[in-house]
Amino acid sequence: MDKDYILRVAQTAKDQLLATTPMNVVMSWGVTKFIATTFKEMPALMFHVQARLHKGYVVIAYNSMDYYEVYLKNYAGVTCVHNEVCFDELGSTIDEAIESGTDKDEYDRFCDEQVNELLSGQI
């Protein structure tokens, strides 16, 4: 696969993710190390996260059907989160998988607890 193509796809995925996802959400993931790569023979963007539900890598791969595939990768292996993600769904798909989960009330309680600990000096 052409290196320039991989770099363009990874940059596009990164730009789309950051343009459509609130920055406080991205920051809550503890993102580091954006990497252009290939994954399962697809051009991809990979980045490391230290989120609440997942610590390891998130892989956004661009498939031949003009969709993104989102994978989580860590010491336990690789999990496909979803294999037909539109660019404007990347942030919410990733956030649900690695940070907020599917229970909004539980996540809101967690966030409130974190704010209280921060304000009381416990963090």
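# Reading the labels on a predicted model

Trainee: I'm starting in helix α4, where D108 lies. Why does D108 count as partly exposed?

Mentor: This is a predicted model, so keep in mind that every value here is computed from it. D108 has a relative accessibility of 30%. Buried means under 20% and exposed over 50%, with partly exposed in between. D108, at 30%, falls in that middle class.

Trainee: And how far is D108 from D15 in space?

Mentor: Their C-alpha atoms are separated by 28 Å, and the two residues are 93 residues apart along the chain.

Trainee: OK, on to S100. Why does S100 count as buried?

Mentor: Its relative accessibility is 12%, and the cut-off for buried is under 20%, so S100 gets that label. S100 is found in helix α3. Leaving out residues up to four places away in sequence, S100 touches R52, L53, D95 and Y107.

Trainee: What makes you call α3 mostly covered?

Mentor: A count of its residues: 8 of the 11 in α3 are buried. Those are L90, G91, T93, I94, D95, I98, E99 and S100. Each has to come in under 20% relative accessible area to be on that list.

Trainee: What follows α3, and what is its phi?

Mentor: G101 follows α3, with a positive phi near 75 degrees.

Trainee: Let's do a strand residue. Why is L45 called buried?

Mentor: L45 has a relative accessible area of 3%. Set that against the 20% limit and the conclusion is buried. L45 lies in strand β2, residues 42-50.

Trainee: How do you know which residues L45 is in contact with?

Mentor: Contact asks for heavy atoms within 4.5 Å. Setting aside neighbours within four places in sequence, L45 meets that with A10, A13, K14, F34, I35, V58, V59 and I60. As for R8, its C-alpha is 10.0 Å from that of L45, with their positions 37 residues apart in sequence.

Trainee: Now the largest pocket. What volume does it have, and which residues line it?

Mentor: The volume is about 170 Å³. The lining is N24, V25, S28, D95, E99, Y107, F110, C111 and Q114. Elements giving two or more residues to it are α2 (23-28), α3 (90-100) and α4 (104-119).

Trainee: Which element gives the largest share of that lining?

Mentor: α4 does, with 4 residues.

Trainee: How does the lining divide into nonpolar, polar and charged?

Mentor: It splits into 4 nonpolar, 3 polar and 2 charged. Watch the classes, though: Tyr and Cys count as nonpolar, so Y107 and C111 of the lining go there. D95 and E99 are the charged pair, because Asp and Glu are in that class.

Trainee: Stepping back, how many helices and strands are there, and in what order?

Mentor: There are 4 helices and 5 strands. From the N terminus they run α-α-β-β-β-β-β-α-α.

Trainee: And why is the protein called as compact as a globular protein of its length?

Mentor: Its radius of gyration is 15 Å, and the globule rule gives 14 Å for 123 residues; the two are close, so the description holds. The C-alpha trace spans about 50 × 30 × 25 Å along its principal axes.

Trainee: What share of the 123 residues is buried?

Mentor: Buried residues make up 33%. The accessible surface comes to about 7500 Å², and carbon and sulfur atoms hold 51% of it. Among contacts with a separation of 6 or more, 38% join residues 24 or more positions apart.

How values were computed
Residues numbered from 1 in each chain as written. Predicted model: local features only at pLDDT ≥ 70, side-chain atom pairs only at ≥ 80, totals over all residues. Heavy atoms only, no water. 1 Å grid on protein atoms, 1.4 Å probe; cavity = no way out; pocket = protein on both sides within 12 Å on 5 of 7 lines; lining within 4 Å. Points joined across faces, edges and corners; volume = space filled by probe spheres on them. Buried < 20%, exposed > 50% of the residue type's maximum accessible area, 1.4 Å probe, protein only. Rg over C-alpha atoms; globule rule 2.2 N^0.38 Å. Areas by Shrake-Rupley, 256 points an atom, 1.4 Å probe, with all protein chains shown as cover.
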